[in-house]
Protein chains: 2
Amino acid sequence: MANVPTVYVGRKPLMNYVVATTMPLLEGKRVIIKARGRAISRAVDVVEVVRRRFVQDAIIESIAIGTEEGRMGADGRARSVSTIDITLTKRT
Amino acid sequence: MANVPTVYVGRKPLMNYVVATTMPLLEGKRVIIKARGRAISRAVDVVEVVRRRFVQDAIIESIAIGTEEGRMGADGRARSVSTIDITLTKRT
């Protein structure tokens, strides 16, 4: 999905991500919320706040989970991290 | 979905939930992995470990997110918490 606005959820205040997610929806665009590791719970919070408080007619188009292999940690050992991609759209 | 084995992911070691999820799958049963709040990230970890290491032909049948209203906190104020339900089945 090229050119789909994507919000990467990390450690900033939740409302930053809520606003970043709300804007493209209000413009009638699809938006993807992505997170890795512990931020996965926050990505779900973002989607729930958007749906309940900001864009009530937002629809969860898909939720995909996966694993990303990466080289992490000072020991240089490969570690893997879980990921989530939630695609939201707006009822037309 | 009555009688579907359900694994509630919390703070126990990850492998407890991985084993609890693997068993019904190996018996050919569908299983639901549920979590709330911060445990949502761990629920995704459980599913990913099961799929990648234990039951390679497991299929994610559905992923649902939501919000649970509850009375929490010493102040007695209602707080809401995000939830995830991941349903796994095995390729037949």
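**Exercise 1. Work out what share of chain A is buried, and how its elements are ordered.**

Step 1. Buried residues (under 20% relative accessible area with a 1.4 Å probe, protein chains only; over 50% is exposed, and in between is partly exposed) make up 40% of the 92 residues in chain A. Keep in mind that this is a predicted model, where local features need pLDDT of at least 70, side-chain atom pairs count only at pLDDT 80 or more, and totals for chains, interfaces and linings use all residues. Residues are numbered from 1 along each chain as its sequence is written, chains are lettered from A in the order in which they are written, and side-chain values use heavy atoms, with hydrogens and water left out.

Step 2. Now for the elements: chain A has 2 helices and 4 strands (DSSP runs, H or I of at least four residues for helices and E of at least two for strands, numbered from the N terminus). Read from the N terminus, their order is β-α-β-α-β-β.

Step 3. Along its principal axes, the C-alpha trace of chain A spans about 50 × 25 × 20 Å.

Step 4. Take the contacts (heavy atoms within 4.5 Å) in chain A between residues at least 6 apart in sequence: 71% of them join residues at least 24 apart.

**Exercise 2. Check the length of helix α1 in chain B, then see what is buried in it.**

Step 1. The rule for the expected span is 1.5 Å times one less than the number of residues. Helix α1 of chain B, residues 14-26, has 13 residues, so it should span 18 Å; its end C-alpha atoms are 19 Å apart, which agrees.

Step 2. Pick out the buried residues of α1(B): they are Tyr17(B), Val18(B), Thr21(B), Thr22(B), Pro24(B) and Leu25(B). Here's a handy idea: an α-helix has 3.6 residues a turn, so residues three or four places apart point the same way.

Step 3. Look just past the helix. α1(B) is followed by Gly28(B), with a positive phi near 80°.

**Exercise 3. Decide whether Thr89(A) and Leu88(B) are buried or exposed, and find what they touch.**

Step 1. Thr89(A) sits in strand β4 of chain A. Its relative accessibility is 18%, so Thr89(A) counts as buried.

Step 2. Skip residues up to four places away in sequence, and Thr89(A) touches Leu25(A), Asp57(A), Ala58(A), Ile59(A) and Glu61(A).

Step 3. Over in chain B, Leu88(B) belongs to strand β4. Leu88(B) has 0% relative accessibility, so it counts as buried too.

Step 4. Beyond its neighbours within four places in sequence, Leu88(B) has contacts including Thr21(B), Leu25(B), Val47(B) and Ile60(B).

**Exercise 4. Find the residues at the heart of the largest nonpolar core.**

Step 1. Get the term straight: a nonpolar core is a set of buried Ala, Val, Leu, Ile, Met, Phe, Trp, Tyr and Cys residues joined through side-chain atoms within 4.5 Å. In soluble globular proteins, nonpolar side chains tend to be buried together.

Step 2. The largest core here has 46 residues, and Ile84(A) and Ile84(B) have the most contacts inside it.

Step 3. Follow Ile84(A) outwards. Leaving out residues up to four places away in sequence, Ile84(A) touches Ile84(B) as well as several residues of chain A, among them Ile33(A), Val44(A) and Ile65(A).
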